[in-house]
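Welcome, and thanks for taking a look at this model. Please have the viewer open as you read.

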Amino acid sequence: MKKWNKFTIDTTTEAVDAISYQLSEMGIDGIEVIDHVPLSEEDQKTMYVDLLPDEIAPDDGTAKVVCYVDEGADVESMISKISVMLQDLSQFFDVGTAAISLGETKDEDWVNNWKKYFKPFRLDDNIVIKPTWEVLENQKEDDIVVEIDPGTAFGTGSHETTKLCIHQLKKYIKEDTTLLDLGCGSGILSIIGLKLGVKKAVGTDIDLNAIRATEENCEINHVTKDQMTAYQGNLLTDDDFCHMLGTGCYDIVVANILADVIIPLCSIVTSFLKEDGLFVTSGIINTKESDVVQAMEENHFEIIEINHMKDWVSITARPKR
C-alpha cells in the first residue's frame with residue numbers, strides 16, 4: 001500500500017484560500033481544509049443534508065490546511081518551502097501560529113475518507129451534483145442531475161471557480177455548441193455542458209488520473225464517446241497535441257485552471273475557436289485578475305464579462321476579429 005507524507009498547517013480561516021492556492025502553485029494537488037465556519041442559510045437551503053447544532057463546533061477563527069505529498073519527496077525541503085510561503089503570506093494575512101506538523105497516511109485514508117462529507121447539493125435552481133454513492137431525495141421534475149465520483153481529480157462542482165464557469169456555460173451554450181474543456185479534471189464542466197445542450201465536448205488534462213476520472217464519470221452519466229472524448233496532453237509544450245485538437249472547431253473554450261496557466265494559454269486559444277467563439281476562464285485568484293486581463297488584451301481578446309465569487313474571478317472574452 002502506497003504511503004504519503006501528511007503536512008498539517010495550523011492557521012486561520014482568513015488565510016485558508018491563500019495558503020491552498022499557494023500550495024497548488026507548488027504542485028501539491030491533495031489539499032484538505034478543516035475549519036469551523038458554519039454554513040450560511042443560503043448554503044443550507046441548497047444542500048440535501050441537515051446539520052444538528054451539536055454537530056457544529058464554534059467558529060474560533062482557526063483552521064488547518066492539510067496536504068499530502070508522495071513519501072519519496074524531500075520532507076525537509078518541503079517544510080522549508082512551506083515555511084517561506086507562510087512567512088510571505090503573513091505580510092498580507094493573519095496566518096495564525098503557522099505551525100507545521102508532519103504525519104504519514106496510507107493511500108486509502110486520504111483518497112476515500114473525504115467521501116463521508118461529500119453530499120448532494122444544488123449548483124442553482126435546476127442543476128444538482130450527486131456523488132455516485134449517495135441517494136438523491138427531493139428531486140424536482142426539471143432537475144439536471146450530474147453524478148460525480150471525483151477520485152483524486154479536482155472537480156466536485158462545489159468550489160467557487162467551478163460554479164462561476166457553470167454559470168457562464170449555462171448562459172452561452174446554444175444548440176449544437178462545441179466545447180473544449182482545458183484542464184477537465186473530473187469532467188464535470190463538460191458533462192454539465194452536454195446536459196445543457198452541447199453537441200460535442202473534448203476535454204484535455206495533463207494528469208492521466210483526471211482523464212480516467214472523466215471517462216468514468218461520462219460512463220456514469222450515460223455520456224457516449226461520440227459526445228465526449230478526453231485526451232492527456234500539455235497544450236503549452238506540445239504543438240502536435242494542439243494540432244490534434246483541431247483548428248477553428250469550438251464555439252466555447254473553457255479553462256478552470258490557475259491564472260499562471262491561463263495567461264500563456266491566451267496566446268494559443270484563439271486557434272481553437274470559431275469566428276464568434278468564446279473563451280470562458282476561472283480558477284483566477286482575485287490578486288491575479290489584472291494579470292489575466294492584461295494577457296487577454298495583449299493577445300487581442302475583447303473582455304465581455306468579469307464575474308466574482310468570494311476571492312475568485314471568472315473572465316469571459318472573445319477574440320477581436
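Here is a short tour of two helix pairs and one pocket.

This is a predicted model, in which local features need pLDDT of at least 70 and side-chain atom pairs count only at pLDDT 80 or more, while totals for chains, interfaces and linings use all residues. Residues are numbered from 1 along each chain as its sequence is written, and side-chain values use heavy atoms, leaving out hydrogens and water.

Let us begin with the helix pairs. Helices are DSSP runs (H or I, at least four residues), numbered from the N terminus. Axes are lines fitted to C-alpha atoms over the stretch in contact, and angles run from 0 to 180 degrees between N-to-C directions.

| Helix pair | Angle | Axis distance |
|---|---|---|
| Helix 1 and helix 3 | about 140° | 11 Å |
| Helix 5 and helix 6 | about 25° | 10 Å |

Helix 1 and helix 3 are therefore oblique to each other, a class for angles that are not under 35 degrees (roughly parallel), over 145 (roughly antiparallel) or 65 to 115 (roughly perpendicular). Their contact (heavy atoms within 4.5 Å) joins Ala18, Ile19, Gln22 and Leu23 of helix 1 to Ile82, Met85, Leu86 and Leu89 of helix 3. By class, this contact has 7 nonpolar, 1 polar and no charged residues. Here Ala, Val, Leu, Ile, Met, Phe, Trp, Tyr, Cys and Pro count as nonpolar, Asp, Glu, Lys and Arg as charged, and the others, Gly among them, as polar.

Helix 5 and helix 6 are therefore roughly parallel. Thr162, Cys165, Ile166, Leu169 and Lys170 of helix 5 meet Ile188, Leu189, Ile192 and Leu196 of helix 6, a contact with 7 nonpolar, 1 polar and 1 charged residues.

Now for the pocket. The second largest pocket holds about 280 Å³ of space. Among its 15 lining residues, Ala18, Gln22, Leu89, Phe93 and Thr287 are the closest to its centre. A pocket is an open set of points on a 1 Å grid over the protein atoms alone, where a 1.4 Å probe fits, with protein on both sides within 12 Å along at least five of seven lines; lining residues have an atom within 4 Å of a point. The volume is the space filled by probe spheres set on the points, which are joined across faces, edges and corners. Helix 1 gives the most to this lining, with 4 residues.

Methods:
Helix = DSSP H or I, 4+ residues; strand = E, 2+ residues; numbered from the N terminus.
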